[in-house]
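User: Could you walk me through how to read a few features of a model like this one? I'd like the general idea each time, then the case at hand.

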Amino acid sequence: MTSAAHTHPSPRLAVLGAGHVGATLARVAAEAGLDVSIAASGDPATIALITQVLAPGAEPRWAADAVRDADVVVLAIPLHRFPAFAPGLVAGKIVVDAMNYWPPIDGVQEMFDDDRYGSSEIVARRLAGSTVVKAFNHIGYHELESERRPPGAPDRRSLGVAGDDPAAVASVAAIVERIGYDVIAMDSLRAGRAFEPGGPVFGAALSRDEFALAVREAAAA
């Protein structure tokens, strides 16, 4: 577990999913000056007005076109739709899993109902041709916008980024830092279980030191 600095160039971002999470992520990324595309499951014309209102600056595109031109793809679709998601769409890409498995809210999902693995580990097994990174899971979409702060702000909140590939984690960390958060980088998707509902940092507004301490204490318990 390490702190991550903003030392990498900003990648081009494709957000798959135009619901609350996807639209908010697209909006804050565009406001941070990132090149952002957003896609739903069909014709981009169907989300053009939504994008104009909720994510100005992001470009609505067909999913395949958005992914093709992106360096990083954010998967922000409803979790129950993931079993039908085509892995080939994001093959060869860094994929940020921004989904959560939360049975009390979403019901039991057979694919994810396996205590041996965190939800992002299950996503990574299905998207074997992609490099999966876990991020944005432990902050509410409504907070993602309001909690942003400039670097060095005393009340700047930390977000976790977890993955098995250090270069991919660094790329996603650059996005998170650019949006307005400090980053705590976790060196495995398995460690990203701490971000999930019931985990020590889920829903908590924590500084860098507080975040690191919460994760360490949970691991030692």
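Analyst: Sure. Keep in mind that this is a predicted model. Let's start on the surface, with Leu49, which sits in helix H2 (residues 48-54).

User: Is Leu49 buried or exposed?

Analyst: The cut-off for exposed is over 50% relative accessible area. Leu49 has 58% relative accessibility, so it counts as exposed.

User: Which residues form a nonpolar patch with Leu49?

Analyst: Ile50, Val53 and Leu54 join Leu49 in that surface patch, and together they offer about 370 Å² of accessible area. A bit of helix geometry is handy here. With 3.6 residues a turn in an α-helix, residues three or four places apart point the same way.

User: OK, on to helix H1. What should its twelve residues span, and how far apart are its end C-alpha atoms?

Analyst: The expected span is 1.5 Å times one less than the number of residues. For H1 (residues 20-31) that gives 16 Å, and the end C-alpha atoms are 16 Å apart, so the two agree.

User: How many residues of H1 are buried?

Analyst: Buried means under 20% relative accessible area. Nine of the twelve H1 residues are buried, so the helix is largely enclosed by the rest of the structure. The buried ones are Gly22, Ala23, Thr24, Leu25, Ala26, Arg27, Val28, Ala29 and Ala30.

User: What covers the buried residues of H1?

Analyst: The cover includes strands S2 (13-16), S3 (36-39) and S5 (72-75), along with helices H2, H6 (141-146) and H7 (166-179). So H2, the home of Leu49, turns up again as part of the cover over H1. Also have a look at what follows H1: Gly33 has a positive phi, near 90 degrees.

User: Now a strand. How many residues of S9 are buried?

Analyst: In S9 (residues 182-186), five of its five residues are buried, and the strand is mostly covered. With a strand, check which way each residue points. Asp182, Ile184 and Met186 point one way from S9, Val183 and Ala185 point the other way, and all are buried.

User: Which strand pairs with S9, and in what sense?

Analyst: S8 (residues 158-163) does, in the parallel sense over five bridges. Within this pairing, Leu159 stands opposite Val183 of S9.

User: Let's finish with charges. How many salt bridges does the count come to?

Analyst: First the idea: side chains of opposite charge can pair when their charged atoms come close. Here the count comes to 16 salt bridges. One of them involves a residue of S9: Asp182 pairs with Arg156, with the closest N and O atoms 2.7 Å apart. Asp182 is in strand S9 and Arg156 in the loop between H6 and S8, so the salt bridge ties together parts 26 residues apart in sequence.

User: Are Asp182 and Arg156 buried or exposed?

Analyst: Asp182 is buried at 13% relative accessible area, and Arg156 is buried at 4%. There's also a network to look for: salt bridges with shared partners join Arg27, Glu31, Glu145 and Arg148. Within it, the closest N and O atoms of Glu145 and Arg148 are 3.9 Å apart. Glu145 is partly exposed at 27%, and Arg148 is partly exposed at 24%.

User: What does Glu143 form a salt bridge with?

Analyst: With Arg157, where the closest N and O atoms are 3.7 Å apart. This pair links distant parts of the chain, with Glu143 in H6 and Arg157 in the loop between H6 and S8, 14 residues apart. Arg157 counts as buried at 2% relative accessibility.

Conventions: Residues numbered from 1 in each chain as written. Predicted model: local features only at pLDDT ≥ 70, side-chain atom pairs only at ≥ 80, totals over all residues. Heavy atoms only, no water. Patch = residues over 30% accessible without salt bridge, like charges linked within 9 Å, V, L, I, M, F, W, Y side chains within 5 Å. Areas by Shrake-Rupley, 256 points an atom, 1.4 Å probe, with all protein chains shown as cover. Salt bridge = Lys/Arg side-chain N within 4 Å of Asp/Glu carboxyl O. Helix = DSSP H or I, 4+ residues; strand = E, 2+ residues; numbered from the N terminus. Buried < 20%, exposed > 50% of the residue type's maximum accessible area, 1.4 Å probe, protein only. Contact = heavy atoms within 4.5 Å. Pairing = 2+ DSSP bridges.
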